[in-house]
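I opened the model to look up two things: how the protein meets its partner strand, and how some of the helices pack. My notes follow in the order in which I looked.

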Amino acid sequence: MANVILPSGKTVEMDGGALLSVLQERGETAAAVVVNGQLQDLRDPLPSAGEARAIGLDDPAALEVLRHTASHVLAHAVTRLYPGAKLAIGPAIEDGFYYDIRFPEPVNRDDLPKIEAEMERIIKDDLPIERVWLPRAEAEALLAEKDQAYKLELVQEIPDDKISFYRQGEFTDLCRGPHLPSTGLVKHVKLLDLAGAYWRGDAARDMLTRVYGTAFPAAEALAEHVKWREEARKRDHRTLGPELDLFSIQNEMIGAGLVLWHPKGAAIRHQIETFWKDEHYKAGYRLVVSPHIGRARLWETSGHLDFYKDGMYAPMDIEGQEFYLKPMNCPFHIAIYKTHTRSYRDLPIRYAELGTVYRFERSGVLHGLLRVRGFTQDDAHIICRPDQIEDEVLACLDLTLHILGAFGFRDYKVALSVRDPEHTEHYIGSDEMWEQAERSLVRALDRKGLPHTRMPGEAVFYGPKIDLHVLDSLKRSWQLTTVQFDFNEPERFGMAYIGDDGQAHRPYMVHRALLGSLERFFGILIEHYGGAFPAWLAPVQMVVLPVTEAEIPYAEGVADELRRAGIRAEAWTKERKTLRWLIREAQVQKVPYMLVCGAREAAGGVVAVRLRTGEDLGPQLVASAIARVQEAVAARGVAL
RNA sequence: GCCCGUGUAGCUCAGUCGGUAGAGCACUUCCUUGGUAAGGAAGAGGCCGUCGGUUCGAUUCCGACCGCGGGCUCCA
């Protein structure tokens, strides 16, 4: 007898058979059932012994099944509305699902409600969803008859003799499942977006239309998700950036993917850079500066012209010599290292640079500050002995968590990319080096208590790496930090240090960037804070607002005093506007502190302090207002 | 690069079933001296993305190009 736990928590004993009828008898609903850790359909027979657990619709494990079924409902609706539509793939994804379809006619966003309405009909009809196994020949014949070339291609890659299909009403789709037992269980579904996508992600193949949607077990969760999307839209750095006068990108005049940092954006960048440099000096790094271009020889030696040419701009001719714009800083740092014979006593050497690099990105992938063609990496290269690598990686992680923590990033996900064990010949460096490097990465992560996901085959050819992703205030994940071993360049440049044995040895080199690039990081920060930068970063920390023209001299005096105290302050005296107008403007500009100066304040030598949050602190001495900002700046928190 | 969408004043957008355009904000001037999220009035501002086609006439219709936005495996 098999012991089955139902969603209600009750258990039943079953001797084979399918769970669906049992659930129906007891008035319970479920999405699927877990048997031996595997999800399967409620209509599938259970084993005659062992344990099974029915997954309720609101169980997190059911979400993927729900969305996958929703994608089938979408495909079903599309085949009704657009006879001749060719279906490709339709998986559940992180917060929804999509289906790639070749439509017989162009569709656009305005068509989504119509498709959604048809989906609602299919859901309302509560069609049973049943699995059908077909022998290969029949499966291929069926798909050929339905003229579903993409599905046919997929079937031809399936090694099995029996092919799994799912049927709901008149619609049948190739699918491995599992699925909900009927369409009626897909209750809260919404189509969100439309985009192009290549068949199998291959630019040489057909362009399909990808329809994005999402589904939730409860209306509230769906509404919340829609609200979340709206919130993310409002925080878009491409809107906030120009609105707050932080940066601009001018394709026609300057060039695509090239960023102009306006004074306010540059002020924020300056704060980030100063903080970054201070912390790097404290952590034992030495800051270096390298040029923007270098001779072809350099890039030949580094191997960039072999492996990275597609990402580099065409060479320029200077007095008959070829020069390239730098896509990376490492060759320069190595060249600095090589100016002396280095002793084992000199190591580790840590060179850091806010180095501006230029990389070719296809026009279509450029995206605000997040994907640009010219950017400043917060780069560093650590050159050390084998016995030092674990401590160096650990110190790197310490510095990373310290610096990212200052921006309020406290949730991390770490990916460890290592070799594909099947094809170690594709990688440079000895087995010993790979194993030692991986060990040092794993131990350092363990010592920091950072769980990681090991990803075989994800490493680049020259060394293993860890990538650190942070979650922002909207719980979106961004890859920022990368710590990457390089077994290639030390070899190519013949880097060496003299060991205690008097012999030359090859050092280990680690590339690392904590923030990634300042441009991208800035874009992420804008969205993370929704444009309301904490006091330590705010381009204008305090504005002094005179109530009438009579208080202008007083307001200017206050602003001077604030600036002398090191505060970024402005007196808004040029506009003869009402206080209401000035307050609104300061709110829109998201200035943390507003200091109102009327006749009362001027007479008393105080300012009335209003916070961006709307909180009114009442009259304060200028000195105590100063103390308050300085405290907030020192704390680097979001509290004002 | 490719698919879909889109391009009208500095910004956000309306409009013209083909007769060369309008609002709000911003800007300039004037009035208002105002106490915690927009005081009032007037003015200025446009090759209606570019090039070509149809037409007596194109910002509007058609085509091409350019720019911008969403997206381009999270594999049945």
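Entry 1, polar contacts to the RNA. I started with E601, where a polar side-chain atom lies 2.7 Å from a base nitrogen of RNA strand B. The model is predicted, so I take this distance as a computed value for the model. I then looked up the backbone. For C175, I found a backbone N or O atom 3.2 Å from a sugar or linking oxygen of RNA strand B. For G196, a polar backbone atom is 3.1 Å from a sugar or linking oxygen of the strand.

I next asked which elements give two or more residues to the surface near RNA strand B. They are the strands β12 (188–198), β13 (207–216) and β32 (606–611), with the helices α17 (579–588) and α18 (599–604). I noted that α17 gives the most, with 6 residues.

Entry 2, the RNA surface as a whole. I counted 47 residues around RNA strand B, and the ones that come nearest are L174, R176, Y198, R238 and R580. On the RNA side, sugar and phosphate account for 49% of the strand atoms that come within 4 Å of the protein. By class, I have the surface residues as 20 nonpolar, 11 polar and 16 charged.

Entry 3, α8 against α12. I looked up helix α8 (residues 263–282) and helix α12 (residues 389–406), and their axes come within 11 Å and cross at roughly 155°. The angle makes α8 roughly antiparallel to α12. I recorded the crossing of α8 past α12 as right-handed. Which residues meet here? From α8 I listed F275, W276, E279 and H280, and from α12 I listed L399, H402, I403 and A406. The residues of this contact of α8 with α12 divide into 5 nonpolar, 2 polar and 1 charged.

Entry 4, α8 against α15. I stayed with α8 and turned to helix α15 (residues 518–529), where the packing angle is about 110° and the axes are 11 Å apart. That makes α8 roughly perpendicular to α15. On the α8 side I found G265, I268, R269, I272 and E273, which meet L518, E519, F521, F522 and L525 of α15. I sorted the residues of the contact of α8 with α15 into 6 nonpolar, 1 polar and 3 charged.

Entry 5, α12 against α13. I then followed α12 to helix α13 (residues 431–447), and I have their axes 8 Å apart at an angle of about 45°. The two helices α12 and α13 are therefore oblique to each other. The crossing of α12 past α13 is right-handed. I listed I389, E390, D391, V393, L394 and L397 from α12. From α13 I listed Q436, A437, S440, L441, R443, A444, L445 and R447. By class, I have 8 nonpolar, 2 polar and 4 charged residues in the contact of α12 with α13.

Entry 6, backbone geometry. I checked the peptide bond from L347 to P348 and found it cis, with omega near 0°. I placed P348 in the loop between α11 (330–337) and β20 (349–358). I also looked up D245, which has a positive phi of about 60° although it is not a glycine. D245 is in the loop between α7 (237–243) and β14 (247–248).

Notes. Residues are numbered from 1 along each chain as its sequence is written. Chains are lettered from A and ligands numbered from 1 in the order in which they are written. This is a predicted model: local features need pLDDT of at least 70, side-chain atom pairs count only at pLDDT 80 or more; totals for chains, interfaces and linings use all residues. Side-chain values use heavy atoms; hydrogens and water are left out. Axes are lines fitted to C-alpha atoms, for helices over the stretch in contact, and angles run from 0 to 180 degrees between N-to-C directions. Angles under 35 degrees count as roughly parallel, over 145 as roughly antiparallel, 65 to 115 as roughly perpendicular and the rest as oblique. A crossing is left-handed if the near helix is turned anticlockwise from the far one by less than a right angle, and right-handed if clockwise. Contact means heavy atoms within 4.5 Å. Ala, Val, Leu, Ile, Met, Phe, Trp, Tyr, Cys and Pro count as nonpolar, Asp, Glu, Lys and Arg as charged, and the others, Gly among them, as polar. A residue is near a molecule or strand if one of its heavy atoms lies within 4 Å of it. A polar contact is a pair of N or O atoms within 3.5 Å; within protein, one must be able to donate a hydrogen and the other to accept it, and residues adjacent in sequence count only if both atoms are side-chain atoms.
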